[in-house]
Amino acid sequence: MSNTTGAVVAAKRMQAERQMIEALKAAEAFTPDKAIPLMPEKNLGKLALRGLLRQNAVRQAQAGFYYLDEPVYAGIRKTRQRLLIGVAVIAVVLGGALMIATASKAQTAPALRSDQQAFRALYEELVETNTTLSEGSCTLAGERMAARLLAAGYSAADVRVLAPEDRPKDGNLVATLHGSNPNAPALLLLAHIDVVEANPADWTRDPFTLIEEDGYFYARGSSDDKAQASVWVDTLIRLKQEGFAPVRDIKIALTCGEETAAIHNGVEWLLANHPETLQAGFALNEGAGGLLDDQGNRVALAVQAGEKIYQDYTLELTNPGGHSSVPRKDNAIVAMANGLARVGTYDFPLELNPVTRAYFTALADMQPQHAADLRALTAGTTPNTEAAARISTANPSWNATLRTTCIPTMIDGGHAPNAQPQKVTANINCRILPGHTVAETQAELVRLMDNPAISIAPVGEPSPTAPPPVLSKAVMGPIREVAGQMWPNVPILPTQTTGATDGRFTNAAGIPTYGVTGMFADPAGSGAHGLNERIRVRSLYEGRDFLFEIVKRYAVQAD
């Protein structure tokens with residue numbers, strides 16, 4: 001049997017094993033009373049099952065019915081990874097497949113440096129710790145990362161996992177590397193470790209197992225936001241190992257609840273209960289990475305400053321209704337629809353702030369087909385309306401960067417097909433530019449709906465508001481210096497996110513917060529919050545090196 005054939009057979013056997021394990025997990029067959037039938041038809045499947053039974057990873061409850069001993073199987077996976085068996089098999093399979101497909105174009109991935117190997121193990125441990133709201137534990141993830149910091153030489157006083165008494169699984173890891181000048185404002189390295197829910201049955205791969213395949217890491221949280229969270233822990237470990245002496249304190253905060261802030265948010269809780277853990281001169285956070293083209297070439301490195309405010313509003317209209325054969329002129333559905341139509345076609349005023357002005361200015365050099373309009377947009381003290389109209393039509397994200405946006409997203413009304421509606425409710429979702437308030441936007445919605453019978457109320461607690469932080473020389477200098485060394489001639493693009501991060505809490509608390517990762521992503525995105533979330537392997541390791549270097553430069557600044 002050739003090496004290629006043997007590798008393919010081994011890979012198919014591993015595939016059969018994964019399919020059985022996934023079936024057992026999907027059925028929650030973890031005890032004898034939950035056992036399910038497994039009847040592999042092919043020899044490789046039978047071999048895989050016998051191997052699992054021999055290792056006690058799968059156990060037989062009765063003839064033909066099996067269940068998964070999850071701790072034993074987890075131990076087997078870790079052993080394989082430590083011995084690099086899985087990596088070797090994947091490398092051989094990928095190498096063989098590449099030779100078959102492209103003959104002489106086969107290439108071997110470069111070997112990892114020893115420090116990268118250590119980082120990969122840390123990253124894998126964090127990614128494979130389930131931190132969903134429904135089943136996971138941020139506290140466990142925080143404790144595992146804390147153990148690594150303690151092993152690296154940090155004291156227990158400088159590494160803590162803090163959790164609310166009534167939410168013991170929503171722990172937050174905070175740690176500090178002390179600087180020589182206690183009066184210098186600290187640098188805060190912020191990331192969240194909770195992740196969006198993921199149903200394994202919907203994914204191509206197990207979302208809670210880190211899979212390296214075709215140059216990507218796949219798993220829930222592989223990008224959002226455990227990539228940066230892993231880098232921050234790794235950075236503190238590397239700095240300690242180097243004996244690095246910062247001038248200012250370097251703090252990290254790996255927090256829980258960014259994805260479910262309406263239920264609980266770790267940053268908000270820390271600010272209220274342990275504000276000293278986050279207090280800093282400025283913070284680095286998620287919010288922006290690098291942009292790649294379709295061929296994987298680097299187009300721009302984004303740096304995010306400021307973000308729009310997320311806010312939902314509930315609209316409600318009640319009506320006496322009546323029989324559908326005797327229509328009322330004030331039909332509740334019609335009245336609500338008329339108002340929503342006005343909201344849907346309305347453009348909030350154009351507005352540029354220092355960050356978005358810098359964004360469109362830099363974009364002009366990258367978008368030759370729109371360069372004239374982009375330059376005209378920013379030429380005056382106020383945006384050029386004609387140029388804004390053209391670029392807003394060309395790219396909806398540019399339109400969203402230029403103004404507050406509000407759109408209807410849900411509507412519900414009526415109780416019978418042959419009756420006039422007695423009640424109609426709707427939801428309007430707004431993304432509000434920094435510097436404007438939830439109340440101010442609500443007043444504009446009242447004006448647009450133009451019907452005093454329709455009540456409008458914000459949903460939940462309004463997010464805090466703050467102007468975008470200044471992209472000062474002290475902030476941008478290290479970024480430009482390191483990026484220029486790593487990626488010469490790649491432009492730096494200041495951005496203001498249209499989404500929301502934990503930066504909305506820290507900015508409002510007086511801690512200027514910037515989104516910067518140095519991790520370049522494909523045009524199609526990473527699949528964050530969706531299926532088959534991924535990050536380029538190259539991008540993760542590059543981002544790790546980039547962030548490490550800029551942190552060192554920030555750390556020796558005195559103010």
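Glu481 and Arg553 form a salt bridge through their side chains, with N to O at 3.2 Å. The model is predicted. Glu481 belongs to helix α15 (residues 473-486) and Arg553 to helix α17, so this contact links distant parts of the chain, 72 residues apart. In total, the structure holds 27 salt bridges.

**The Glu481–Arg553 pair**
- Glu481 has a relative accessibility of 41%, so this residue counts as partly exposed.
- Arg553 is also placed in the partly exposed class, because its relative accessible area is 21% and the buried class requires under 20%.

**The Glu533–Arg220 pair**
- A salt bridge joins the side chains of Glu533 and Arg220, at 2.9 Å from N to O.
- Glu533 sits in the loop between β21 (520-521) and β22 (534-536), while Arg220 sits in the loop between β8 (216-218) and α7 (226-242), so the contact ties together parts that are 313 residues apart in sequence.
- Glu533 is buried, because its relative accessibility is 0%.
- Arg220 is buried too, with a relative accessible area of 3%.

**The Arg238–Asp545 pair**
- Arg238 and Asp545 make a salt bridge whose closest N and O atoms are 4.0 Å apart.
- Arg238 lies in helix α7 and Asp545 in helix α17 (residues 537-555), and this pair links distant parts of the chain, 307 residues apart.
- Arg238 has a relative accessible area of 14%, so this residue is buried.
- Asp545 is buried at 19%, because the class covers values under 20%.

**The salt-bridge network**
- Arg238 and Asp545 are also members of a network of salt bridges.
- The other residues linked in this network are Arg113, Asp115, Asp234 and Arg544.

**Strand pairing around β3**
- Strand β1 (residues 36-37) runs antiparallel to strand β3 (residues 65-68), and two bridges join them.
- In this pairing, Ile36 faces Tyr66 of β3.
- Strand β2 (residues 58-62) also pairs with β3 in the antiparallel sense, over four bridges.
- Here Arg59 stands opposite Tyr67 in β3.
- Strand β3 therefore pairs with both β1 and β2, because a pairing takes at least two bridges.

Note on methods. Residues numbered from 1 in each chain as written. Predicted model: local features only at pLDDT ≥ 70, side-chain atom pairs only at ≥ 80, totals over all residues. Heavy atoms only, no water. Buried < 20%, exposed > 50% of the residue type's maximum accessible area, 1.4 Å probe, protein only.
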